[in-house]
Amino acid sequence: MVTPDAAYLLADNIERARLQEEELAGLELEAREFPWWSGSLADEALKLVPAGELVSDVPVGGARLLAPAEAMALRNPLTPEEIARYRRLGEEVGIVLTHVALHCRPALSEHQLAGMLGKGLMDFGITPAVTLVAVDERVSTRRHPIPTEKRLERYAMLVVGARRGGLNLSATRLVHFGPLPEELRERHRACARVDAAFLAATRPGARLSAIFRAGQEAYAAEGYPDEWRHHHQGGPTGYAGRDAKGTPDAPGEAQLHQAFAWNPSIAGVKSEDTVLVTEDGLEVLSSTPDLPSLEVGAFFRSAILER
């Protein structure tokens, strides 16, 4: 908890020492410990600030919950130290995605593919906050594919939402075994061009609603005017999987040193990376340089890996 005069760690007696010594070591925080059986975060906070002045970016009894736009404004811009941690997270998530894309094989189940992703992330001390996998026809029929026992034959979509130190990073990669159908290739290229339109519109001062409209217009130009309706398109990220989802009337503006993860999809294909808005344009944090890519205007987007 932060007040105008101090910063505090509020925690029960189970978690205080671990948090202070392991997760928050080096931060100048005044620890306030309470017994797990008779206290609460809100009770401890209200000893330090008057009722009615307590606000939070996560649900806490007795506190006013910040609206998404308010929380986003407080969390951004990211500091140089946060950006350095984000880059390392992105590099290591890219290693995991590359490893699984190159080493998965037919006959593995979606659960087993998700397990490969989850283990790879945890080997780096990264929490697999979201692990989605679809194979074959499920790639076309499920935009949010919770893994099942279905076994891979030719085509797989691998999706991760990775979190470490509070920062969240999202990315998707596609793998196809055998000759890639030309219709699927063209559909993916169309999706990559939609993704590039979202990215091109993501610049400091751009309203989220305007960025979203740029994506809508790209869908229409590619001949898929309604595909955006079937799954959310992503939005600003950082200390949440998405601080807000892009919509036609989404409030807020993009700013320098803010992270975004757009994830346009057309039935059977998807394009997703986490990027950082910098002085020199967008930096892809979740890059996978050892996997194939497509040059789309000013951007390189991930291509379908053919094996």
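**Stop 1: the largest cavity**

Start by selecting Val139, Arg142, Arg143, Met157, His231, Ser265, Ile266, Ala267, Gly268, Val269 and Lys270: together they line the largest cavity of this predicted model. Strand S10 (265-266) and strand S11 (269-270) are the elements that give two or more residues to that lining. The enclosed volume is about 60 Å³. Colour the lining by class and you will find 5 nonpolar, 3 polar and 3 charged residues.

How many cavities of 30 Å³ or more does the structure hold? There are 2, and the other one is the next thing to show. A word on how such spaces are found: rolling a probe the size of a water molecule over the atoms shows where empty space is left.

**Stop 2: the second largest cavity**

Now select Thr172, Arg173, Leu174, His188, Lys270, Ser271, Ser302 and Ala303, which line the second largest cavity. About 40 Å³ of space lies inside. By class, this lining divides into 2 nonpolar, 4 polar and 2 charged residues. Keep Lys270 highlighted for a moment, since Lys270 appears in the lining of the largest cavity and also in the lining of the second largest.

Which strand gives the largest share of this second lining? Strand S7 does, with 3 residues, and that makes S7 a good place to go next.

**Stop 3: strand S7**

Select residues 167-176 to show strand S7. S7 is mostly covered: 10 of its 10 residues are buried, each having under 20% relative accessible area. In a regular strand the side chains alternate between the two faces of the sheet. Turn on the side chains to see this here: Leu167, Leu169, Ala171, Arg173 and Val175 point one way, while Asn168, Ser170, Thr172, Leu174 and His176 point the other way. Thr172 and Leu174, from the second of these groups, are among the residues lining the second largest cavity; Arg173, from the first group, also belongs to that lining.

**Stop 4: the partners of S7**

Strands of a sheet pair through backbone hydrogen bonds, either parallel or antiparallel, and S7 offers an example of each kind. Add strand S6 (residues 155-164): 10 bridges join S6 to S7, and the two run antiparallel. Two pairs are worth labelling. Met157 stands opposite Leu174, and Val159 stands opposite Thr172. Met157 also lines the largest cavity, whereas Leu174 lines the second largest.

Follow the chain around the hairpin of S6 and S7, where 2 residues lie between the strands. Pause at Gly165, which takes a positive phi near 60°.

On the other pairing, 2 bridges join S7 to S16, and these strands run parallel. Label Val175 and its bridge partner in S16, Leu305.

**Stop 5: the whole sheet**

Zoom out to see the open sheet of 4 strands, with the order S5-S6-S7-S16 and mixed pairing. Which strands stand at the edges? They are strand S5 (127-135) and strand S16 (305-306); each has a single partner strand, so one side of each is left without a neighbour in the sheet. Then show helix H5 (residues 110-123), which packs on the sheet and touches S5 and S6. The direction of H5 makes about 150° with that of S5.

**Stop 6: a second sheet**

Move on to another open sheet of 4 strands, ordered S8-S9-S12-S13 with antiparallel pairing. Strand S8 (234-237) and strand S13 (281-284) are the edge strands here; each has a single partner, so one side of each lacks a neighbour in the sheet. On average, neighbouring strands of this sheet are turned by 30° against each other, direction ignored.

Select strand S12 (residues 273-278) together with S13: 4 bridges join them, running antiparallel. One of the bridged pairs is Leu276 with Glu283 of S13.

Centre the view on Glu283. Is this residue buried or partly exposed? Glu283 is partly exposed, because its relative accessible area is 23% and the buried class is under 20%. Beyond its neighbours within four places in sequence, Glu283 is in contact with Arg87, Thr274, Val275, Leu276 and Thr278.

**Stop 7: Leu41**

Finish at Leu41 in helix H2 (residues 41-45). Leu41 is partly exposed, with a relative accessible area of 40%. Show Leu10, Ala11, Phe34 and Val60 around it, which Leu41 touches when residues up to four places away in sequence are not counted. As a last distance to draw, the C-alpha atoms of Leu41 and Gly62 are separated by 9.4 Å, with the two residues 21 apart along the chain.

Definitions and conventions:
Residues numbered from 1 in each chain as written. Predicted model: local features only at pLDDT ≥ 70, side-chain atom pairs only at ≥ 80, totals over all residues. Heavy atoms only, no water. Pairing = 2+ DSSP bridges. Contact = heavy atoms within 4.5 Å. Axes fitted to C-alpha atoms, helices over the stretch in contact; angles between N-to-C directions. 1 Å grid on protein atoms, 1.4 Å probe; cavity = no way out; pocket = protein on both sides within 12 Å on 5 of 7 lines; lining within 4 Å. Points joined across faces, edges and corners; volume = space filled by probe spheres on them. Nonpolar A, V, L, I, M, F, W, Y, C, P; charged D, E, K, R; others polar. Buried < 20%, exposed > 50% of the residue type's maximum accessible area, 1.4 Å probe, protein only.
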